[in-house]
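The questions below ask why certain labels apply to certain residues. Each answer sets a value against its cut-off.

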Amino acid sequence: MRLLFIRFSAIGDIVLASPALRCAKQQIPGVEIHFLTKKSMKAVSEANPYVDQFHYFDKDLSATIQELKGYKFDYIIDLHKNLRSLRIRLALGVPYLSYKKLSIEKFLLTKFHLNKMADRHISLRSVDALAPLGVVYDGKGLDYFVPSEVKEPTYFPEGYVALVIGASYATKKLPLDSLQALCAQIPHPIILIGGKEEKEDGDQLASQDPSRIVNTCGKYSLHESALMVSKARVVISHDTGMLYIACAFEKNVIAIWGATSPALQVEPFMPSDSNAKVFQSIVPDLSCQPCSNFGTKTCPKGHFACMKKQDLPEIVRQVEKMWTA
């Protein structure tokens, strides 16, 4: 049996879909797994041993479709469910399976704050799509694989907190002054993780205490940053891809929620038998939260209470609990 899995983006979503790839490969005898994603997302899954062949979409969907037609797929497993994946399904004309995206339920939750969401994490719903093929969730959590040739950047060998300061949208990130206050209150070495977009903020944060806070934003690849996260005693992260990479490594995790929310069924996801500690930092009793599936550039209400009212001392207390666990 030959299966084509589709998940174009983003980093976190691809990691959240990883249990479906693993369970399919391990539970379907002789299966051949193909995975289609955006070329820009190549690094996220390139070392995944459960994928037999990768396909990359880069602007020209027609060319991608022509390439895919050369393979006699038995099923398409659509874990993205957008117009592009629909076009591929129609062009290949083979049976398909897809996960429950819950678009209407998410709309009701974010726009009218009516929670009709199924009590089923997105990773489990991805595996559920494979039920007609006899596949079930194995309880082993998320996967993220780093190529063997990637070397780990080394800082603070006695331990550190990895603080992921980036996110795809402003309303998913703590304001800079809150990050400064958080860094000042954490009594342990801190490595700041983020992309080039966070370098300037990272420099300002590190300048508070250069001997204790290291800014790596924009300095390292995704894999190198993942390795730094994998060695942290505690990972503090906004709702972004590195949060789920931390879960794949079963790290103690503090998730900080702003415009999005665990109610969207995207909370940190660990193996059933994991000893990792998870704390979800969310401002209670906000009638406007969550306000978006993905985050927005500015707060729709203008007050940005979901981030400005975060309980920083409680986050620090949780760091201390996890540090000694």
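Q: Why is Leu-86 called partly exposed?
A: Leu-86 has a relative accessible area of 33%. Buried means under 20% and exposed over 50%, with partly exposed in between (1.4 Å probe, protein chains only), so Leu-86 at 33% counts as partly exposed. This is a predicted model, in which local features need pLDDT of at least 70 and side-chain atom pairs count only at pLDDT 80 or more, while totals for chains, interfaces and linings use all residues. Residues are numbered from 1 along each chain as its sequence is written, and side-chain values use heavy atoms, with hydrogens and water left out.

Q: Which residues make the nonpolar surface patch with Leu-86, and what makes it a patch?
A: Leu-83 and Leu-90 join Leu-86 in a patch of about 340 Å². Patch residues have over 30% relative accessible area and no salt bridge; nonpolar side chains (Val, Leu, Ile, Met, Phe, Trp, Tyr) are joined within 5 Å, like charges within 9 Å. Leu-86 has 33%, so its area passes that cut-off. Leu-86 lies in helix α5, residues 83-92.

Q: Is Asp-78 buried or exposed, and how do you know?
A: The relative accessible area of Asp-78 is 0%, so Asp-78 is buried. Asp-78 belongs to strand β4, residues 75-78.

Q: What makes the pair Asp-78 and Arg-89 a salt bridge?
A: The N to O distance between their side chains is 2.7 Å. A salt bridge needs a side-chain nitrogen of Lys or Arg within 4 Å of a carboxyl oxygen of Asp or Glu, so this pair qualifies. It links distant parts of the chain, with Asp-78 in strand β4 and Arg-89 in helix α5, eleven residues apart. Both Asp-78 and Arg-89 are buried.

Q: What joins the side chains of Asp-78 and Ser-85?
A: A polar contact of 2.8 Å joins them. The term covers a pair of N or O atoms within 3.5 Å; within protein, one must be able to donate a hydrogen and the other to accept it, and residues adjacent in sequence count only if both atoms are side-chain atoms.

Q: Why is Arg-7 called buried, and what is Asp-13?
A: Arg-7 is buried because its relative accessible area is 8%, whereas Asp-13, with 28%, is partly exposed. The two form a salt bridge, the closest N and O atoms being 3.6 Å apart.

Notes
Accessible areas come from the Shrake-Rupley method with a 1.4 Å probe; for residues, only the protein chains shown count as cover. Helices (H or I, at least four residues) and strands (E, at least two) are DSSP runs, numbered from the N terminus.
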